Every structure is written in structure tokens, then in C-alpha cells.
Amino acid sequence: MSCVFIISAPSGSGKSTLVRELLRAEPKLVFSVSYTTRQPRGQEVAGESYQYVSRESFMEMLNRDEFLEWAEVFGNFYGTHRSVWDSAVEEGKDLLLDIDVQGEQQLKKKIPDAVSIFVLAPSRAILEQRLRARSEDAEAVIQRRLAAAANEIRNYHAYDYVIVNDQVEEAVRSLRAVIGAERVRRQRMEDRIRPILETFGELE
Ligand code: ADP
Ligand code: 5GP
């Protein structure tokens with residue numbers, strides 16, 4: 001059975017960095033490539049970071065009910081296509097989604113056993129430093145992202161796990177610990193347990 005892992009974080013917390021490292025370390029994990037109406041940024045590659053589409057195409061997909069969840073973030077639309085989940089199940093992979101707080105809430109309603117993880121920078125000052133270090137955004141955008149972070153952080157209680165991204169290696173270790181533990185949750189082990197029990201014959 002495929003597991004669904006949702007990662008959310010205020011922009012600049014280091015989520016993309018952690019996701020990149022995690023995917024390198026966990027071959028059974030597949031990244032959910034979202035659709036977005038925003039323009040590609042920096043080194044982003046179409047089809048890997050996002051599927052970049054026009055607002056018209058996004059609206060058409062929305063009207064056809066093709067999204068598992070979707071949201072408007074910073075004036076752009078983002079959505080997870082239903083086919084992403086279907087292919088992960090078909091391939092026997094676990095799915096990793098990098099989506100915002102609104103998306104997490106929608107997805108938890110549709111897939112209640114999805115596991116959600118909130119990533120935080122150690123402080124506001126460090127978050128600001130990281131946004132500047134990335135130097136992909138204009139000053140006004142940085143200020144908008146910082147203001148949004150203050151609101152997003154208040155939603156941490158909707159998540160199952162919280163990871164403070166101080167050192168990348170340590171944060172990746174924690175993420176892998178969560179993933180490893182969730183994979184062997186009893187409810188997810190039923191398919192493995194049954195054949196083992198059968199070898200012991202009829203059980204009371
Ligand atoms: P996000 O995807 O959350 O917007 P990024 O992964 O783009 O954030 O990280 C923002 C900036 O912070 C990048 O320049 C990245 O290299 C840096 N960064 C990420 N994690 C750490 C960390 N633990 N320590 C120092 N710098 C980090
Ligand atoms: P960015 O433009 O910085 O890549 O992403 C902005 C925000 O949109 C981030 O919080 C990211 O997690 C979120 N996001 C990316 N894809 C999706 C998606 O498919 N659905 C939702 N709800 N949020 C998304």
C-alpha cells in the first residue's frame with residue numbers, strides 16, 4: 001500500500017533542499033509534480049519542478065475536476081493532478097507532496113492516513129537570510145513571503161510532525177525517521193502480516 005507524505009513550509013525554510021536530499025536517499029519515494037500558473041524560477045525544470053500551464057488551462061482542468069487538491073498561493077494557482085496518486089499506487093511507490101497548508105487540509109480529508117510534516121526555519125531572521133541567499137526573488141516578493149510565513153506558521157498544529165531545519169543533514173535524518181516509522185505502522189502492514197499468520201495455520 002502506498003503512503004502519502006505531505007511536506008509544507010513557509011517559503012525559504014529549505015523545503016526544496018530537504019525534498020531534493022530525501023528523494024536522493026529514498027528510491028521508493030516519488031515526487032508529486034504539481035501544476036502551476038506561475039513562471040519558472042531559477043534552475044527549475046519544466047516537468048520536474050512543476051508542470052507550467054496558463055491560467056486558462058488550469059481552469060479547464062479544475063472544471064473537469066482533475067485535481068485531488070488545489071489552492072491559490074501568492075496570486076498563482078497550484079494543484080495536484082489526480083493521475084499523480086493513481087500512478088504512484090500503480091507503481092507501488094510512496095508519494096511525496098510539497099503543498100501548502102490549504103492543500104494539506106484538503107488532502108487529509110480525501111486521504112485520511114496521509115502523513116503531514118511541517119518544516120520550520122529556526123527563526124524569522126534565519127528565514128529572511130535564506131530567502132535573500134536564494135536571491136531568486138525581488139525585495140517586494142521577499143517581504144510578502146515573510147509576512148505570509150507568520151500566518152502559515154500558525155497552522156503547524158494541523159500537521160502530524162514538525163521538523164526544524166537547522167542543519168540539512170539532521171533535518172533529512174528526521175524526515176527519513178518519520179518515513180521509515182510510518183511505513184511500518186500496523187495498519188499499513190496488514191497485507192504483509194496476513195500471509196505470515198497463514199503459515200502458522202488457523203489462529204484464535
Ligand atoms: P524553500 O523550498 O522552502 O522555499 P529552499 O530549499 O529554496 O527553500 O532554501 C532557501 C535557501 O536556504 C537556499 O539558498 C538553500 O540553499 C538554503 N538552505 C536550505 N536549508 C538550509 C539549512 N539547513 N542551512 C542553511 N541554508 C539552508
Ligand atoms: P513556490 O512558488 O515557492 O514553488 O510555491 C509556493 C507555495 O505553493 C509553496 O507553499 C508550495 O508548497 C505550494 N504548492 C506547490 N504546489 C502545490 C500544489 O499542488 N497544491 C498546493 N495546495 N500548494 C502547492
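**Two ligands and the words used for them**

Visitor: What makes the approach of R41 to ligand 2 a polar contact?

Guide: A polar side-chain atom of R41 lies 3.2 Å from an oxygen atom of ligand 2, and because a polar contact is a pair of N or O atoms within 3.5 Å, with donor and acceptor conditions added for pairs within protein, this pair qualifies. The model is predicted, so to speak of local features requires pLDDT of at least 70 and side-chain atom pairs count only at pLDDT 80 or more, whereas totals for chains, interfaces and linings use all residues. Side-chain values rest on heavy atoms, without hydrogens or water, residues are numbered from 1 along each chain as its sequence is written, and chains are lettered from A and ligands numbered from 1 in the order in which they are written.

Visitor: Which other side chains have polar atoms at such distances from ligand 2?

Guide: Y50 places a polar side-chain atom 2.5 Å from an oxygen atom of ligand 2, while D100 has one 2.8 Å from a nitrogen atom of the ligand. Ligand 2 taken alone exposes 510 Å², of which the protein buries 94%, the areas coming from the Shrake-Rupley method with a 1.4 Å probe.

Visitor: How do you know which residues belong around ligand 2?

Guide: A residue is near a molecule if one of its heavy atoms lies within 4 Å of it; 16 residues surround ligand 2, and S34, R38, Y50, Y78 and D98 are the closest. By class, five are nonpolar, four polar and seven charged, where Asp, Glu, Lys and Arg count as charged.

Visitor: What makes it correct to say that ligand 2 "sits in" a pocket?

Guide: A molecule sits in a pocket if more than half of its atoms lie within 2 Å of its grid points, and ligand 2 sits in the largest pocket. Two strands, β5 (67–73) and β6 (76–81), are the elements giving two or more residues to its shell, a strand being a DSSP run (E) of at least two residues and a helix one (H or I) of at least four.

Visitor: Which atoms of G12, G14 and R134 approach ligand 1?

Guide: For G12 a backbone N or O atom is 2.7 Å from an oxygen atom of ligand 1, for G14 a polar backbone atom is at 3.0 Å, and for R134 a side-chain N or O atom is at 2.6 Å. The protein covers 75% of the 570 Å² that ligand 1 has accessible on its own. Helix α1 gives the most to the shell of ligand 1, with three residues.

Conventions: 1 Å grid on protein atoms, 1.4 Å probe; cavity = no way out; pocket = protein on both sides within 12 Å on 5 of 7 lines; lining within 4 Å.
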